[in-house]
Structures are given as structure tokens and as C-alpha cells.
Amino acid sequence: MGGVLAVIFIFCNLLLLPYPSSSLPLCTDSRAPLTLKSALEFCSYNGSSCCNSTEDSQLQKQFQAMNISDTSCASLVQSVLCARCDPFSSKLFTIDSVARPVPLLCNSTISRSSSQSSQATIDFCSDIWDTCQNVSIFNSPFAPSLQGQAGAPVNSKFTKLTELWQSKTEFCNVFGGASTAGSVCYDGEPVTLNKTGTPSAPPHGLCLEKIGNGSYLDMVAHPDGSNRAFFSNQRGQIWLATIPKVGGTLELDESNPFIDLTDQVHFDTAFGMMGIAFHPNFAQNGRFFASFNCDKGKSPGCTGRCSCNSDVNCDPSKLGTDNGAQPCQYQSVIAEYTANSSTSQPSSAENAKPSEVRRTFTMGLPFTSQHGGQILFGPTDGYLYFMMGDGGGVGDPYNFSQNKKSVLGKIMRLDVNKIPSTAEINRLGLWGNYSIPTDNPFRQDEELLPEIWAFGLRNPWRCSFDSERPSYFMCGDVGENLYEEVDIISKGGNYGWRVYEGLYPFDPTLSPGGNTSVNSISPILPVMGYNHSEVNKKIGSASIIGGHFYRSNTDPCMYGRYLYADLYAGAIWSATEDPENSGNFSTSTIPFSCARDSPLQCSTVPDSALAALGYIYSFGQDNSKDIYLLTSSGVYRVAAPSRCNYSCSKENVTAVASPSPTTSPPSHANQLSPVILLSALLLFMAGLA
């Protein structure tokens, strides 16, 4: 009964958990808010806050130094100072990328499009002026001017608002503003969002067109912005393909890969090439990266440090074998390559050299599963993000995900543009040829590895940045026994594993590496997910496939929704954020079928209208923002809903092309045998489970 109550408590807290109005994490230092064990003494925040007790005390000292004699004014100024602790402080104190000395003060009634609660209807900016205009405030936060606007010089000795500003209008033009759909304002109370809105109805269905028969694990749009994309498989090959217009098929020559790394990649059940990433300036420098596994018994260059080591209180000699493999026999690798080009423009290259330019990262794996491996370049910072699972074993027995010195169960952020010397690599204890970005959250924290961007993950499988809001960094994280989750990744965020599995407390059966207590962490709970029993009652397991926010105009009723799926292809989810930019999502499963005029013939699930996809491995996105499903039965693109007879009031049906179906190749060329499907499942599940 106690376990049930704990689950209910956590779920209720998830529903009430505030999220930022424009970006996550929420605080001014770009971190997620803390979960307070007790209320702050000076600032009236409880539950979730951007301040701990030390910061609360510092704000109290700052307030006392102001020496405000008028009690009414003092109360208002105290609340303004304490807005630093608000879970939405990042948005309150940053307007149009400009950091502010005080939060945006509400000075008008909220608009209909506002996401903020209707409590923000008071003119708080005017209240501050009317109450404090002739009160002395030493070291006043209202003294500095913003972006050259009127006001006394920053070093002014004036203490009253009437000395600093010419009028209330001028004061509130600078410090005031209204809550809108894209911002929140401060009215003297903790910010709350209006959650009374009714989420828009889910789309009637997801229409797919099959454009390719190949089975691929990853897809990356060509960095030059063209209608081309790279596709890779688990064996270690990458192809350069041309994306077809409506009615066409994928132009990809399986016999002529862009690069073939199969002699470097260890491919076996859970292992292979897990991800590819092309440098943002690839069109000029030709640099790209592959994330794969190698076998140190067969590859001379497979020589990384074992992730089970004395730094993390792990002795590899005590691990034993796993599926016949010795501890750290297999390595997780990121290697850099370069494109071949007869011109000075690498974007024209049609193949690449299979020899490494340099080894970016190499690390020995303790077990044979749960090692993630996706790599992505951040769209705004140009750094390389590396998604790493907890390394395997039942329930993360060595507690690597919470271990601050381990790279397992982490998302790492690496600077691959600044290559340090060998001496520097050794001095800093780096895992390869990269530097640490100066704003990584733990760069100055000796208790955590500086590579870490976020931690507490079990096995992140497929992450993406929203193309319209890059601060929304979404990751699907594969569960253990019960729950599959999607997280919004925050700088320095802890996502709870193995203290929690999604929403639920997790009780490990083995703990040779010790435990992390529930009260010692402030986990960030998932924003969406599902229980295993919801999708696969017969097999009793599931594996989430993280997706993308849909930003194409092909299906206007899907626009702005986050799509994700399960490996077994029995369900695809559409997640709607309500209110917009709040971080609060409602989800629903949506039917999916193949277009009646699909370029390649599709089959359906027996006794169902669902398209038979086999197993869904990944989602992809091209330069036109169209979304793709990479499956064991082929490549599918989201198509106009009318092509599947799904109604969408926003679709201009007359503008939708009606291609003629292409004659399919013989059945053996476009259908996978049960043996191949079973093999594909075993290969993929071993890595995700």
C-alpha cells in the first residue's frame, strides 16, 4: 500500500510541477529548479525553487543592506529580490536575451493569449512606484538603466525612485511589461501558469508514405541545407541519399556507401554503429563523426580506459563475464573522419576516407548492453552531445548513473573544435581529443566530471533539439521493468535513475556500487511516457524511441506536436504542450496507416488498419523539417493526412499532389522474412533493454 501511495504522490507532484514559459531549464543559470525539502526562510518559496537555503540567506543580507524604513515598500522590494528563486526566473530576468537586474514587472492585464494565471492582472509595476517612489533604497536594484534607456547613471548615489527616474511611465516602460504567450511577468507572487485551457484534439491519424526498403539506424540531414541526407546502419556503413519529392522514392545506392567502416565496427547483437554527426560547417571543412563499438581483442586502436575503475569504486576483476565477454572488452568510440572532394567544397563529396582523422573518445564498457551512443551537434552552440547509457547490468548495479565521477548514464557535451595537446589530455584525465566547453555545468566542480551536461539516465535512445526552440532538448530514456520516459534535458539536470524509474521509485536488487538515497537528490521527472503494459502485454517489455517536434507544413494538424514511438511499432504517440511553451504535455496514441498512393507498397498489421512497420528504430528529420520513421521494414515519411483519408481542417487538399503508386519490386526485395525480422529485433533489443 505504501508503494502505491508513493506512486500516487509522485504522479500528483508531476502534474503540479512548474515548467518554464519559454525554455527549460528554468533558472537564471540555465539549470532546473531544486526540489526543496523545507520552505525557504526569507523568500516564500516551497516545493520547487531556483534557490537553496544558502542563496536564500544571501538575498536576505542583500535586502537588509538596503535599509528600507517603509514597511510596505520593504515588502514589495523583498518580493522582487525573491523572484530570483522563482522556478520561472530564467524567463522573468531575461527578456529578448537581455539579462535584467529585476524581473519583468506586470504592468497591464494579461492578454487572452497569455499562458500565465489570471492572478497576473494587477499593475504591480505601478504599485512599486506608488509605494516606494519617495522611499530611500540603498543599492537599489532599480538604479541601473537597461540597454541605454533613461535613468540615473549606474554609479549614482541617488536612493529614491523619483531621483532615479523622471516619471512612473518612464519607470514602467523600462521595468514593466505584460504576460504574453511567449513570456511571463512578475506580480509579487510566485508565477503560476493557467492550466484551465483545453488541449486541442489529437490529429485523426498519422499518414505515412514508404519511400525506401532499406533498414537504417540513423538519419542526418545534409548540413548544406540541400534535399540530401545521410543514412547509416548498425553494421557500420553510411550512405548519402537524395530525398524525393512527393511520389518519388529514396535515391540511395546500397552498393556504393559514402563510407564503409565495417572493418572497424564491432557488430553483434547489442553492438555496432550507434550514431553519426556532421559538423555544422561540414560543407566547408568536411568533418564528420561516427559513434560505434569496437572489440579490443580484434582492433589495435580499441584501447580506451575501462569505465569500471577505482575513480568510481569499481573493480573490473570482480565483474565477471557478460554474455561471454570480459569487462571492457568492448569499447564505446567516437571517431572523426573527413570527406573526399575533388574541389574545395566538401559538400560536393560523394564519399569519404575510411581512415580516422583522430579518435575523439574511447571508453571501455563494463557490460554488453545499455550504452546508448547517439551523437548530436547543438544547433546554437556547435558542441558535440554524446548520449551514454548506464553500461548495462540489472538495475545499474554499480549505480554509475548517479556516480559523479562516471561517464555512464550521462549526456556529455564536448568541444571538438579545440583539440588539446596530449599532455593536456593526460593532465585533465580526458577520454580523448576534445576540450571542455567553458559553460559546462560542472567544469569547476571537482565532484563531477567536467564532460557531464546531464546525468541520471538509464539508456537515452534518440534525442533531438526542437528546430524552432533549440532550448527544448528532448530525449527518450529506455526503462528497466516498468516505465518508458521522455525528458526535457536541462543543463546540470539529474533525471533520477536508478533512484527512480520514470515516475516510480526503483528498488535495486543488486548494489555492489552502493545506493543513492531518495532525499539526497532533486530529480527532474519526465514530461511524458508510458507503462510497459500499455503497449506490449504479451511480451511484457517495451523500449521507447525518442522522436521530434513536427515542424513541417506537410501535415498542418500535426504541427508543433512531439512524436515518439515504441520499438514494437504497436503505438505512436502525439504530445501536445498546453499552454504553449509551458513544458506541460498531454499525450495520446494516434493511428497510423500508409498512403493509398504510397510510392512503395505497404503492408498492414493483420486484422488492423495500422501499417506494418516491423520495428521502429529511429526518427529522422530532413532540411524541409519533414519527419521520417526508420524501421526494419523500410523508410517512411509523414505524408499529407488526406492521402490516408484522415481529415484535417487546416490542410489545403487541392494543393496536395496525387502521385501514382510505383510498381513494387518483387516480394523478396521489399518484404522482410520472419527470420530477418527476428534477427533485427534481437540486435536492437539487446542494445535497448
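A cavity is here a set of points, on a 1 Å grid over the protein atoms alone, where a 1.4 Å probe fits but cannot get out. All views show a predicted model.

**View 1. The second largest cavity and its lining.** Three cavities of 30 Å³ or more are found by this rule, and the second largest of them has a volume of about 50 Å³. Its lining is made up of Arg458, Asp477, Val478, Gly479, Tyr483, Glu485, Tyr495, Trp497, Tyr500, Glu501 and Gly502. Strand S24 (483–488) and strand S25 (500–501) are the elements that each give two or more residues to this lining. By residue class, the lining of the second largest cavity divides into five nonpolar, two polar and four charged residues. Trp497, one of the lining residues, is joined to Arg498 by a cis peptide bond with omega of about 10 degrees, and Arg498 itself lies in the loop between S24 and S25.

**View 2. The open sheet S28-S29-S30-S31.** Four strands form an open sheet in the order S28-S29-S30-S31, and their pairing is antiparallel. Strand S28 (544–549) and strand S31 (585–590) each have a single partner strand and therefore stand at the edges, with one side of each left without a neighbour in the sheet. Neighbouring strands of this sheet are turned against each other by 25 degrees on average, direction ignored. Within the sheet, strand S29 (residues 562–566) and strand S30 (residues 572–577) run antiparallel and are joined by four bridges, and Tyr564 has Trp573 of S30 as its bridge partner. In the loop between S30 and S31 lies Pro579, whose peptide bond from Asp578 is cis, with omega near -5 degrees.

**View 3. Aromatic pairs in helix H7 and around Trp573.** The whole structure holds 40 aromatic pairs, among them the tilted pair of Phe171 and Phe175, with 5.2 Å centre to centre and 45 degrees between the planes. Both residues of this pair belong to helix H7 (residues 168–175), where Phe171 and Phe175 are four residues apart, about one turn of the helix. Phe171 has a relative accessible area of 0% and is therefore buried, and Phe175, at 0% relative accessibility, counts as buried as well. Tyr530 and Trp573 form a stacked pair, with 4.1 Å centre to centre and 10 degrees between the planes. This pair links distant parts of the chain, since Tyr530 lies in strand S27 (residues 528–531) and Trp573 in strand S30, 43 residues apart. Because the cut-off for burial is under 20% relative accessible area, Tyr530 at 0% counts as buried, and so does Trp573 at 4%. Ring pairs also draw these two residues into a cluster that consists of Tyr472, Tyr530, Phe549, Tyr562, Tyr564, Trp573 and Phe585.

**View 4. The hairpin of strands S8 and S9.** Strand S8 (residues 218–221) points Asp218 and Val220 one way and Met219 and Ala221 the other way, and all of these residues are buried. S8 runs antiparallel to strand S9 (residues 228–232), to which four bridges join it, and Asp218 of S8 stands opposite Ser232 in S9. The hairpin has six residues between the strands, and Gly225 takes a positive phi near 80 degrees there.

**View 5. Loop residues with positive phi.** Most residues other than glycine have a negative phi. Thr269, although not a glycine, has a positive phi of about 45 degrees; this residue lies in the loop between strand S11 (259–260) and strand S12 (273–278), and its 35% relative accessibility makes Thr269 count as partly exposed. Asn645 likewise takes a positive phi, near 65 degrees, in a residue other than glycine. The place of Asn645 is the loop between strand S35 (634–638) and helix H10 (667–670), and with a relative accessible area of 66% Asn645 is exposed.

**View 6. Ser624 and Ile243.** Ser624 is found in the loop between strand S33 (616–621) and strand S34 (627–631), and with a relative accessible area of 52% this residue is exposed. Although Ser624 and Ile243 are 381 residues apart along the chain, their C-alpha atoms are separated by 10.0 Å.

Definitions and conventions. Residues numbered from 1 in each chain as written. Predicted model: local features only at pLDDT ≥ 70, side-chain atom pairs only at ≥ 80, totals over all residues. Heavy atoms only, no water. 1 Å grid on protein atoms, 1.4 Å probe; cavity = no way out; pocket = protein on both sides within 12 Å on 5 of 7 lines; lining within 4 Å. Points joined across faces, edges and corners; volume = space filled by probe spheres on them. Nonpolar A, V, L, I, M, F, W, Y, C, P; charged D, E, K, R; others polar. Pairing = 2+ DSSP bridges. Axes fitted to C-alpha atoms, helices over the stretch in contact; angles between N-to-C directions. Phe/Tyr/Trp six-rings, centres within 6.5 Å; stacked < 30°, edge-to-face > 60°. Buried < 20%, exposed > 50% of the residue type's maximum accessible area, 1.4 Å probe, protein only.
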